[in-house]
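Colleague: Could you take me slowly through a single part of this model, and then show me how that part sits within the rest of the chain? I would like one connected account that a first-year student can follow.

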Amino acid sequence: MPDQLVKEAITKGDPFFLPKPLSYLRYEIRSAALSIWQDNWYNGETGRSTHDIVPRVLNKPVGWNREELMFVTGYGPFPSYLHRFNLRTHDNCSCGEKGDPMHYATKCRFILSWHFQTPTVPLKLQWVKNILTNNLSRTRLRLLMHFICDENILIVEDNN
């Protein structure tokens with residue numbers, strides 16, 4: 001639709017003639033861009049952990065802070081993330097289990113005081129959504145992530 005309106009303006013001979021108000025053109029362009037973005041997000045192969053939690057693209061931020069983003073995406077000081085980029089020789093935590101965000105939030109024996117209750121596999125996605133919508137849980141998650149970042153050497157020691 002925006003392309004058609006631009007062509008109409010060009011064929012009229014007046015480069016400043018717009019067949020519709022500028023606000024309408026902006027709305028149409030924004031809608032087309034969001035539609036393309038949504039298609040790419042829905043059919044993409046990357047970011048699936050985030051896609052599961054936020055399946056629709058929006059023009060407004062989700063309201064997560066740095067620590068919450070690290071937890072949801074798995075980007076950060078986690079052995080599983082560092083191993084993907086050959087920055088570690090393995091993806092295990094110092095305790096021997098796979099060092100991903102879920103491990104630190106529920107199982108790691110080095111940070112028992114920060115643990116959340118372990119969800120069952122079918123309810124894992126809902127568990128994460130619940131944490132991100134509950135203010136107390138979000139605070140606990142931020143504190144956990146701060147601890148992991150501050151005590152990184154203890155948590156992700158590389159035991160070749």
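Modeller: Before we begin, one term is needed: two residues are in contact when they have heavy atoms within 4.5 Å. Please also keep in mind that this is a predicted model.

Let me set the scene with the whole chain. Its secondary structure comes to 9 helices and 0 strands, and buried residues make up 32% of its 160 residues. The chain exposes about 10700 Å², of which carbon and sulfur atoms supply 56%. If we take the contacts between residues at least 6 apart in sequence, 42% of them join residues at least 24 apart.

The part I have chosen for the close look is helix H4, which covers residues 66–73. At the start of H4, Asn 65 has a side-chain oxygen that reaches to within 3.1 Å of the backbone nitrogen of Glu 67. At the other end, just after H4, we come to Gly 74, whose phi is positive, at about 85 degrees.

Within H4, the buried residues are Glu 67, Glu 68, Met 70, Phe 71 and Val 72. These buried residues pack against several other helices, namely H3 (48–53), H6 (101–106), H7 (124–133) and H8.

Of these partners, let us follow H8, which spans residues 135–150. Two packed helices are described by the angle between their axes and the distance between the axes. For H4 and H8 the angle is about 80 degrees, and the axes lie 9 Å apart. Angles of 65 to 115 degrees count as roughly perpendicular, and H4 and H8 are therefore roughly perpendicular to each other.

Which residues in H4 and H8 meet? From H4 come Glu 67, Glu 68, Met 70 and Phe 71, while H8 brings Arg 138, Leu 141, Arg 142, Met 145, His 146 and Cys 149. Sorted by class, this contact of H4 with H8 has 5 nonpolar, 1 polar and 4 charged residues.

Another partner of the buried residues of H4 is H3, and His 51 is found in that helix. Is His 51 buried or exposed? With a relative accessibility of 11%, His 51 counts as buried, because the cut-off for buried is under 20%. If we leave aside its neighbours within four places in sequence, His 51 is in contact with Trp 41 and Tyr 42.

Further along the chain we can look at Ser 80, which has its place in helix H5 (residues 79–84). Ser 80 also counts as buried, at 14% relative accessibility. Not counting residues up to four places away in sequence, Ser 80 touches Asp 91, Lys 98, Gly 99, Asp 100 and Pro 101. Although Ser 80 and Gly 99 are 19 residues apart along the chain, their C-alpha atoms are separated by 5.4 Å, and the side chain of Ser 80 reaches the backbone oxygen of Gly 99 at 3.1 Å.

To finish, consider Asn 86, which is found in the loop between H5 and H6. At 67% relative accessibility, Asn 86 counts as exposed. Its phi is near 55 degrees, which is a positive value in a residue other than glycine.

Key:
Residues numbered from 1 in each chain as written. Predicted model: local features only at pLDDT ≥ 70, side-chain atom pairs only at ≥ 80, totals over all residues. Heavy atoms only, no water. Axes fitted to C-alpha atoms, helices over the stretch in contact; angles between N-to-C directions. Helix = DSSP H or I, 4+ residues; strand = E, 2+ residues; numbered from the N terminus. Parallel < 35°, antiparallel > 145°, perpendicular 65-115°, else oblique. Nonpolar A, V, L, I, M, F, W, Y, C, P; charged D, E, K, R; others polar. Buried < 20%, exposed > 50% of the residue type's maximum accessible area, 1.4 Å probe, protein only. Polar contact = N/O pair within 3.5 Å; in protein donor to acceptor, adjacent residues only side chain to side chain. Areas by Shrake-Rupley, 256 points an atom, 1.4 Å probe, with all protein chains shown as cover.
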